[in-house]
Amino acid sequence: MRKTMMYVFMVMAFMLLAMPVYAQGGTAGGNWGIPIAAGIGMGIASGLCGLGQGRATASAAEAMARNPGARPGIQFVLILGLALIESLALYTLVIIFMKVG
Amino acid sequence: MSTPEIVPSPEAEAFYANAYQRIVRLMIILPFVITPLLWVRFNRHVAFGFIAGCLIAVFNFYWLKRSVSFLADRVTSTGRKQSATGVVMGFLLRYFLIAAGAYGIFKSSAASVYGLFAGLFLPVGAILIEAVYETYGALRRGF
């Protein structure tokens with residue numbers, strides 16, 4: 001019974017996915033990949049920027065804990081680093097906006 | 001065998017200590033220089049979008065600095081005690097305000113969006129100018 005229900009739900013899911021197949025197609029139909037690529041690109045850029053910021057912050061925190069006397073320099077470099085990493089995600093957003101918008 | 005101790009020169013220390021203040025000053029001066037140029041070259045929508053982007057960027061940079069200072073205080077166990085909730089809420093509020101500002105600009109005019117994006121890069125421009133200035137200073141001091 002459980003297996004039958006699984007098949008039923010799988011077929012229903014497949015039918016839901018297949019619905020757009022019956023829709024009338026557009027005339028151009030050549031640029032459908034741009035929004036998908038934009039979404040994936042923005043996701044990758046944001047994720048990698050997040051990883052970079054985390055790594056920079058972790059290294060700076062470790063350095064400050066080891067050598068508190070060097071705090072002003074490390075803090076300043078960390079602020080600059082975080083601002084520049086954030087700007088990388090912004091570059092991606094601008095490129096995506098220009099391609100999609 | 002002991003490694004020689006590296007002692008930075010007081011002149012260089014003072015130079016880097018003032019770097020943050022110079023970046024903030026540049027972030028205040030640059031919009032006053034660029035906005036009239038954008039108004040003349042493009043139109044007022046782009047100029048207003050640029051101003052909005054600059055305001056968002058300055059606010060963003062200020063909160064970034066506050067969050068980093070808070071982190072440094074915690075790591076080095078110095079400075080005055082701040083509430084962690086307040087800093088986290090401020091950090092979240094920063095994103096909310098940026099999203100609200102960007103949404104308002106998106107809805108108002110398509111042309112101003114380009115100005116907004118240009119304004120968001122204000123800290124990058126200020127940091128680049130500061131980098132050029134620091135390179136010049138380092139060359140003048142002879143490293």
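Reader: What makes Arg71(A) and Asp73(B) a salt bridge?

Author: In this predicted model, the closest side-chain N and O atoms of Arg71(A) and Asp73(B) are 2.8 Å apart. A salt bridge needs a side-chain nitrogen of Lys or Arg within 4 Å of a carboxyl oxygen of Asp or Glu, so at 2.8 Å Arg71(A) and Asp73(B) qualify. Side chains of opposite charge can pair when their charged atoms come close.

Reader: Is Arg71(A) buried or exposed?

Author: Both Arg71(A) and Asp73(B) are buried, a label for residues under 20% relative accessible area, whereas exposed means over 50% and partly exposed lies in between (1.4 Å probe, protein chains only).

Reader: How many salt bridges does the rule find across the interface of chain A and chain B?

Author: One. Searching the whole structure, over all chains, gives three.

Reader: Why does Arg66(A) count as exposed?

Author: Its relative accessibility is 66%, so Arg66(A) passes the 50% mark. Glu62(A), at 44%, counts as partly exposed because that value falls between the two limits. These two side chains also meet in a salt bridge, with 3.3 Å from N to O. Both sit in helix 2 of chain A, four residues apart, about one turn of the helix.

Reader: What makes Arg22(B) and Glu130(B) a salt bridge?

Author: Their closest N and O atoms are 3.0 Å apart, so the pair is within the 4 Å limit. Arg22(B) is in helix 2 (residues 19-41) of chain B and Glu130(B) in helix 6 (residues 122-141), so this pair links parts 108 residues apart; a helix here is a DSSP run (H or I) of at least four residues, numbered from the N terminus. Both partners are buried.

Reader: How do you know how much area chain A and chain B bury between them?

Author: Buried area is the accessible area (1.4 Å probe) that two parts lose on being put together, summed over both. For chain A and chain B that comes to about 2,100 Å², with 83% of it on carbon and sulfur atoms. On the chain A side, Phe76(A), Ile79(A) and Phe97(A) lose the most area, together 27% of what that side buries.

Reader: And how many residues does the contact take from each chain?

Author: Taking contact as heavy atoms within 4.5 Å, chain A gives 22 residues and chain B gives 26.

Reader: What should I know about the numbering and the rules?

Author: Residues count from 1 along each chain as its sequence is written, while chains are lettered from A and ligands numbered from 1 in the order written. Local features need pLDDT of at least 70 and side-chain atom pairs 80 or more, totals for chains, interfaces and linings use all residues, and side-chain values use heavy atoms, leaving out hydrogens and water.

Definitions and conventions:
Helix = DSSP H or I, 4+ residues; strand = E, 2+ residues; numbered from the N terminus.
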